[in-house]
Amino acid sequence: GVDLRRKQVLTHGRRIPYDYLVIATGARHAYFGHDDWAAFAPGLKTIDDATDLRRRVLLAFERAEAEDNPKERARLMTFVVIGGGPTGVEMAGAIAELAKRALASDFRSIDPRCARIILIEAATRLLTPFDPKLSEAARSSLESLGVEVRLGSAVSECSSDGVQVANEFIPSRTVVWAAGVMASPAGRWLGAEIDRAGRVKVRSDLSIAGHPEVFVIGDTAAAAAADGSMLPGVAPVAKQQGQYVARALIARHSGQTAEAFRYRDFGSLATIGRKRAVAQFGKLRLSGFLAWILWSIAHVYFLIG
């Protein structure tokens, strides 16, 4: 917790005093009141999450290779991704590429190319933050990879045996959650006003009301853009906010006041699979191989150093 009156951060058995406090504790998966689903449908937030999901996918194929029961083999070779945002789209495409290409000739009893990959999205289109034409391009690209895209479908039950979607039960041993996130408990620590996703509402300088020495940034913050819309929970926002707070602290130390935070949107990218992606830069819309080249260049550039 945080003791705002005494300016202390509360940890296990310790109180750490501060002059300024920056909270950047990120977000966690949101299961919309069904937290028990987490055991059956893990999400993707950390490197450990990624390696665990990769292990689950590879083990599913290995177990299918040794399985004699046709129904259980089919269940093992069915992969369900819940959520049609960038994470869900990229995950579905990655599993499809893995099954159709990387593992295509690695087994004797099964054909990984026959794996069933299903992407479920409650909204009427994929990648809702993107232009509708790019959403359609993403759907077409996924379907060309063999992914079953189900739009306007919400999951009502999730277990170790599979998922329930409307009136259909889909048997599956590997379910991936990419349907939503909620902020860390920072709002509770601070006793601050929060939005529906649990994010702390911050002022224009990213501090909280009544406490200019406390900043909240990244996925934990509900910050407004210049047009009044809420900034998305993506890495570029968090990076720019971190840089802004550093400048603001330096300015305060010099007796100056920093201007309000302004986010510079350099565009959005999402990869779908091998040589497939969508890109949105202002009014520029790209899909396919050229978008994938841009996605690759951008990711390599930000990895340098």
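Is Cys158 buried or exposed? Cys158 is buried, with a relative accessible area of 2%. The legends below walk through this predicted model, view by view.

**Figure 1. The whole chain holds seven helices and 20 strands.** Let us start with the overall picture. The C-alpha atoms fill a box of roughly 70 × 45 × 40 Å along the principal axes. Of the 305 residues, 40% count as buried. The chain exposes about 16800 Å², and carbon and sulfur atoms supply 54% of that area. Among contacts with a separation of 6 or more, 57% join residues 24 or more positions apart.

**Figure 2. Two cysteines, Cys114 and Cys158, have contrasting surroundings: Cys114 is exposed, whereas Cys158 is buried.** The relative accessible area is 61% for Cys114 and 2% for Cys158. Do not look for a sulfur-sulfur link here, as the structure holds zero disulfides.

**Figure 3. Helix α3 covers residues 86–102.** A quick check on its geometry works out nicely: at 1.5 Å a residue, the 17 residues of α3 should span 24 Å, and the end C-alpha atoms are 22 Å apart, which agrees. The buried residues of α3 are Gly88, Val89, Met91, Ala92, Gly93, Ile95, Ala96, Glu97 and Ala99. Two of these, Ala92 and Ala96, return in the next view as contacts of Val147.

**Figure 4. Val147 sits in strand β8 (residues 147–151).** Val147 is buried, with a relative accessible area of 4%. Leaving aside neighbours within four places in sequence, its contacts are Ala92, Ala96, Ile117, Leu119 and Leu142. For a longer view along the chain, take Arg274: Val147 and Arg274 are 127 residues apart in sequence, with their C-alpha atoms 14 Å apart in space.

**Figure 5. Arg150 and Glu148 form a salt bridge.** The closest N and O atoms of this pair are 3.7 Å apart. Arg150 counts as buried because its relative accessible area is 19%, and buried means under 20%. Glu148, at 28%, is partly exposed.

**Figure 6. Glu72 and Arg75 meet in a salt bridge within helix α2.** The N to O distance between their side chains is 3.5 Å. Both residues lie in α2 (residues 70–76), three residues apart, about one turn of the helix. An α-helix has 3.6 residues a turn, so residues three or four places apart point the same way. Glu72 is buried, and so is Arg75. The pair also belongs to a wider arrangement, since Glu72, Arg75, Asp161 and Arg173 are linked in a network of salt bridges.

**Figure 7. Glu193 and Lys201 form another salt bridge.** Their closest N and O atoms are 3.2 Å apart. Glu193 is exposed at 54% relative accessibility, while Lys201 is partly exposed at 38%. The count for the structure comes to 21 salt bridges.

**Figure 8. Phe32 and Leu127 each have a positive phi although neither is a glycine.** Most residues other than glycine have a negative phi. For Phe32 the angle is about 50 degrees, and for Leu127 it is about 45 degrees. Phe32 lies in the loop between β5 (27–29) and α1 (47–66), and Leu127 in the loop between β7 (116–121) and α4 (132–144). Their surroundings contrast: Phe32 is exposed, with a relative accessible area of 57%, whereas Leu127 is buried at 0%.

**Figure 9. Ala179 touches Phe32, Ile82 and Gly83.** These contacts do not count residues up to four places away in sequence. Ala179 is found in the loop between β12 (174–177) and β13 (181–183). At 32% relative accessibility, Ala179 counts as partly exposed. Gly85 is worth finding in this view too: Ala179 and Gly85 are 94 residues apart in sequence, yet 7.4 Å apart in space, C-alpha to C-alpha.

**Figure 10. A nonpolar patch on the surface is formed by Val300, Tyr301, Phe302 and Ile304.** Together these residues have about 490 Å² of accessible area. Phe302 is found in helix α7 (residues 289–303). Phe302 counts as exposed, at 58% relative accessibility.

Key:
Residues numbered from 1 in each chain as written. Predicted model: local features only at pLDDT ≥ 70, side-chain atom pairs only at ≥ 80, totals over all residues. Heavy atoms only, no water. Disulfide = S-S within 2.5 Å. Buried < 20%, exposed > 50% of the residue type's maximum accessible area, 1.4 Å probe, protein only. Patch = residues over 30% accessible without salt bridge, like charges linked within 9 Å, V, L, I, M, F, W, Y side chains within 5 Å. Areas by Shrake-Rupley, 256 points an atom, 1.4 Å probe, with all protein chains shown as cover. Salt bridge = Lys/Arg side-chain N within 4 Å of Asp/Glu carboxyl O. Helix = DSSP H or I, 4+ residues; strand = E, 2+ residues; numbered from the N terminus. Contact = heavy atoms within 4.5 Å. Expected span 1.5 Å × (residues − 1).
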